[in-house]
Amino acid sequence: YERALEDFARCLVLDPSNAELYYCRSLAYVHMNRWDEGLQNAVKARDLGYPGMDGYIDSLNRRRSTSP
């Protein structure tokens, strides 16, 4: 996932308003148990108009609060 995060960072430099990149980066962070960063990217994806993010963000908040 580290390599994916590097790739997403490079892509976002080229296209900082791409909501799907933020969503995918959120997924990578979540798979690494980096909940805060995953949540931040999910919120950014939502703010940029990526569909269906409210439920995903709620789920991240619940999982983050129960994660060690």
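**Entry 1: Asn-41**

I started with Asn-41, which turns out to be buried, at a relative accessible area of 6%. A note to self before going on: this is a predicted model. I then looked up where Asn-41 sits, and its place is in helix H3. Which residues does Asn-41 touch, not counting those up to four places away in sequence? I found Tyr-22, Arg-25, Ser-26 and Tyr-29.

**Entry 2: the whole chain**

Next I stepped back to the overall fold. How many helices and strands does the protein chain have? The secondary structure comes to four helices and zero strands, and reading along the sequence I get the pattern α-α-α-α. I checked the radius of gyration too: it is 11 Å, close to the 11 Å that the globule rule gives for 68 residues, so the chain is as compact as a globular protein of that length. Along its principal axes, the C-alpha trace spans about 35 × 25 × 10 Å.

I also wrote down two percentages. Of the 68 residues, 31% count as buried. Taking contacts between residues at least 6 apart in sequence, 44% join residues at least 24 apart.

**Entry 3: helix H1**

I wanted to see whether the length of H1 makes sense. With 13 residues at 1.5 Å a residue, H1 should span 18 Å, and I find its end C-alpha atoms 19 Å apart, which agrees. Which residues of H1 are buried? They are Leu-5, Phe-8 and Leu-12. Looking down the axis of H1, I see these buried residues fall within an arc of 60°, so they line one face of the helix. On the other side of H1, Arg-3, Val-13 and Leu-14 are exposed. I also asked what covers the buried residues of H1, and the cover includes H2.

**Entry 4: the nonpolar core**

On to the largest nonpolar core, which has 16 residues. Which of its members touch the most other members? My list reads Val-30, Ala-42, Met-53, Tyr-56, Ile-57 and Leu-60. The elements giving two or more residues to this core are H1 (2-14), H2 (19-31), H3 (35-47) and H4 (53-66). The largest share, five residues, comes from H2.

I picked Ile-57 for a closer look. Leaving aside its neighbours within four places in sequence, Ile-57 is in contact with Leu-39, Ala-42, Val-43 and Arg-46.

**Entry 5: Arg-46 and Leu-27**

Since Arg-46 came up among the contacts of Ile-57, I followed it. Arg-46 has its place in helix H3. Is Arg-46 buried, exposed or partly exposed? At 34% relative accessibility, Arg-46 counts as partly exposed. Not counting residues up to four places away in sequence, Arg-46 touches Met-53, Asp-54 and Ile-57. I looked up one C-alpha distance here as well: Arg-46 and Tyr-56 are 10 residues apart along the chain, and their C-alpha atoms are separated by 9.7 Å.

Leu-27 was my next stop, and its place is in helix H2. Leu-27 is partly exposed, with a relative accessible area of 28%. Its C-alpha atom is separated by 8.4 Å from that of Ala-42, which is 15 residues away along the chain. Ala-42 was already in my notes, as one of the core members that touch the most others.

**Entry 6: the cysteines**

How many disulfides does the model hold? The count comes to zero. I asked why Cys-24 is unpaired: its sulfur is 10 Å from the closest cysteine sulfur, in Cys-11, too far for a bond, given that a disulfide needs the two sulfurs within 2.5 Å. Cys-11 is in no disulfide either, with the sulfur of Cys-24 as its nearest. For accessibility, I have Cys-11 as partly exposed at 34%, and Cys-24 is also partly exposed, at 25%.

**Entry 7: a backbone oddity**

Last, I checked Asn-33. Its phi is positive, at about 60°, although Asn-33 is not a glycine. Where does Asn-33 lie? I found Asn-33 in the loop between H2 and H3. Is Asn-33 buried or exposed? Asn-33 is exposed, with a relative accessible area of 52%. That sets Asn-33 against the Asn-41 of my opening entry, which is buried at 6%.

Notes. Residues numbered from 1 in each chain as written. Predicted model: local features only at pLDDT ≥ 70, side-chain atom pairs only at ≥ 80, totals over all residues. Heavy atoms only, no water. Core = buried A, V, L, I, M, F, W, Y, C linked by side-chain atoms within 4.5 Å. Buried < 20%, exposed > 50% of the residue type's maximum accessible area, 1.4 Å probe, protein only. Contact = heavy atoms within 4.5 Å. Expected span 1.5 Å × (residues − 1). Arc of directions from axis to C-beta. Rg over C-alpha atoms; globule rule 2.2 N^0.38 Å.
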